[in-house]
Amino acid sequence: MNRKRMQVLYSGRVQGVGFRYAVRRVASGFEVTGAVRNLPDGRVELVAEGNKDELDAFRQAIRQSGLEHFIQKEEISLGEAENEFRGFEIVA
């Protein structure tokens, strides 16, 4: 399997609304590993690894989980998996 690493920087009203917890809940339904965390500038960073189709479906499921109205902008980058994650977690 050709695993990829996806980084998404979410802008909008994404902190203080349970965004990271909802993303972790959505992640449990997908074969992805990774982490989600708040950034000091008010954005949320998602880093996830898995096959590309699974990552794309995961990203769409995040929007469809009720979080879409909090998201103003998504900056997406894709690269090769680094295999640094064992599960999916919220980073403080």
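**Exercise 1. The sheet**

Work out in which order the five strands form the open sheet, and which of them stand at the edges.

*Solution.* Start with the strand order: in this predicted model, five strands make up an open sheet that reads β4-β1-β3-β2-β5, with mixed pairing. Next, look at the edges: β4 and β5 each have a single partner strand, so one side of each has no neighbour in the sheet. Going from one strand to the next, the twist averages 15°.

Now zoom in on one pairing. Strand β2 (residues 33-38) and β5 run parallel and are joined by four bridges. Within this part of the sheet, Gly-34 sits opposite Phe-88 in β5.

**Exercise 2. The helices on the sheet**

Find which strands helix α1 lies across, and which strands α2 touches.

*Solution.* Take α1 (residues 19-27) to begin with: this helix lies across β1, β2, β3 (44-51), β4 and β5. Its direction is at about 170° to β5. Then turn to α2, which packs on the sheet and touches β1, β3, β4 and β5. The direction of α2 makes about 140° with that of β3.

**Exercise 3. Arg-5 and its partners**

Identify the salt bridges of Arg-5 with Glu-82 and Glu-84, and decide whether each of the three residues is buried, partly exposed or exposed.

*Solution.* Begin with the distances. The closest N and O atoms are 3.6 Å apart for Glu-82 and Arg-5, and 2.7 Å apart for Arg-5 and Glu-84. Both values can be checked against the cut-off, within 4 Å.

Then place the residues along the chain. Arg-5 belongs to strand β1 (residues 3-12), while Glu-82 lies in the loop between β4 (71-80) and β5 (88-91), 77 residues apart from Arg-5. Glu-84 is in the loop between β4 and β5 too, 79 residues apart from Arg-5. Each pair therefore links distant parts of the chain.

Now the accessibility. Arg-5, at 17%, counts as buried, because the limit is under 20%. Glu-82 is exposed at 52%, and Glu-84 is partly exposed at 47%.

Finally, widen the view: Arg-3, Arg-5, Glu-49, Glu-82 and Glu-84 are linked in a network of salt bridges. The count for the model comes to 12 salt bridges.

**Exercise 4. A pair within a helix**

How are Asp-56 and Lys-52 placed relative to each other in helix α2?

*Solution.* The two residues are four apart in α2 (residues 52-67), so about one helical turn separates them. They form a salt bridge, with the closest N and O atoms 2.9 Å apart. Asp-56 is partly exposed at 28%, and Lys-52 is partly exposed at 39%.

Technical notes
Residues are numbered from 1 along each chain as its sequence is written. This is a predicted model: local features need pLDDT of at least 70, side-chain atom pairs count only at pLDDT 80 or more; totals for chains, interfaces and linings use all residues. Side-chain values use heavy atoms; hydrogens and water are left out. A salt bridge is a side-chain nitrogen of Lys or Arg within 4 Å of a carboxyl oxygen of Asp or Glu. Buried means under 20% relative accessible area, exposed over 50%, partly exposed in between (1.4 Å probe, protein chains only). Two strands pair if DSSP finds at least two bridges between them. Axes are lines fitted to C-alpha atoms, for helices over the stretch in contact, and angles run from 0 to 180 degrees between N-to-C directions. Contact means heavy atoms within 4.5 Å.
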